[in-house]
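Got your viewer open and a selection box ready? Load the model below, and we'll walk through it stop by stop.

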Amino acid sequence: MTEPKRAIVLLSGGLDSATCLAIAREAGFDCYALSIAYGQRHTAELAAARRVAQSLGAREHRLAHVSLGEFGGSALTDSSIPVPIEGAVGGIPVTYVPARNTVMLSIALAWAEVLGAHDIYVGVNAVDYSGYPDCRPEFIAAFEAMANLATKAGTEGARITIHAPLIQLSKAGIIQRGTALGVDYAQTVSCYQADDAGRACGVCDACRLRKAGFEAAGIPDPTPYQ
């Protein structure tokens, strides 16, 4: 019998990564969901990731720990830096976490090698997003090139592919795609300052993008708000 195709899916617990998991499943992969506790203040998303992994049939769900919060430098890891609530103001916002996606993809790459998986899915988006440099197509292409230079699998000809299926979609397009694939967005948490119950603030950049996405998609917003 042919071995099933395996893929690592980075799963934050938010809207985008849940959609990404559904897309990987639709593509026929056995999905191994990976969430990262990096020192984020809004840990409700990790509980959401567990729910999403179970509901979307992930073969396994792992939680890895890395202490980016030790360095601070972001409103998402340092409680002394307030989360902006005034909307997009241009430039890279203080919610950017230095090197976060590089670190997360590196951990996913390590697990992929152990599992013999040649595919990694990540829900980055370069259209309706907050301007983070590690969400751009150039970054994904550069990381994939590095992954194939840096790994045993890559150097032995088992090419590793980084899939970013949402990267050119609008938030409304992501929501429409996920809804068609059966994603229950009520299970997800996108807010940068959600409370312990996962209720969203409604005013941070992530909340604004999410709310506008549901409105543009013509789909009721299931988000619980504080």
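Where is the place of cysteine 207? Select it: cysteine 207 sits in helix α7, helices being DSSP runs of H or I with at least four residues and strands runs of E with at least two, numbered from the N terminus. Before moving on, note that this is a predicted model, where local features need pLDDT of at least 70, side-chain atom pairs count only at pLDDT 80 or more, and totals for chains, interfaces and linings use all residues. Residues are numbered from 1 along each chain as its sequence is written, and side-chain values use heavy atoms, with hydrogens and water left out.

**Stop one: the cysteines**

Add Cys191, Cys201 and Cys204 to Cys207: an unreviewed UniProt entry puts the feature "binding site" on these residues (positions follow the numbering used here, feature names are shortened, and annotations may be inferred rather than shown by experiment). They span 17 residues in sequence, yet no two of their C-alpha atoms are more than 7.1 Å apart, so they gather at one spot. Cys191 and Cys207 are among the residues lining the second largest cavity.

Now zoom in on cysteine 191, in the loop between α6 (171-180) and α7 (205-217). Its relative accessibility is 2%, so cysteine 191 counts as buried (under 20% relative accessible area; exposed is over 50%, partly exposed in between; 1.4 Å probe, protein chains only). Skipping neighbours within four places in sequence, cysteine 191 is in contact (heavy atoms within 4.5 Å) with His42, Ala200, Cys201, Cys204, Ala206 and Cys207. Cysteine 207 is also at 2% and therefore buried; beyond residues up to four places away in sequence, it touches Cys191, Ala200, Cys201 and Gly202.

**Stop two: α6**

Select Lys171, Ala172, Gly173, Ile174, Ile175 and Gly178, the buried residues of α6. Show α1 (15-26) and α7 too, since you'll find both included in what covers them. After α6 comes glycine 182, with a positive phi near 85°.

**Stop three: the largest nonpolar core**

Which residues touch the most other members of the largest nonpolar core? Pick Ile8, Leu105, Ile120 and Ile140, out of 45 residues in that core; such a core is a set of buried Ala, Val, Leu, Ile, Met, Phe, Trp, Tyr and Cys residues joined through side-chain atoms within 4.5 Å. Colour α3 (100-115) as well, as α3 gives this core the most, with 7 residues. Apart from this core lies another, of 28 residues, including Leu11, Ala18, Ala33 and Ala172.

Conventions. 1 Å grid on protein atoms, 1.4 Å probe; cavity = no way out; pocket = protein on both sides within 12 Å on 5 of 7 lines; lining within 4 Å.
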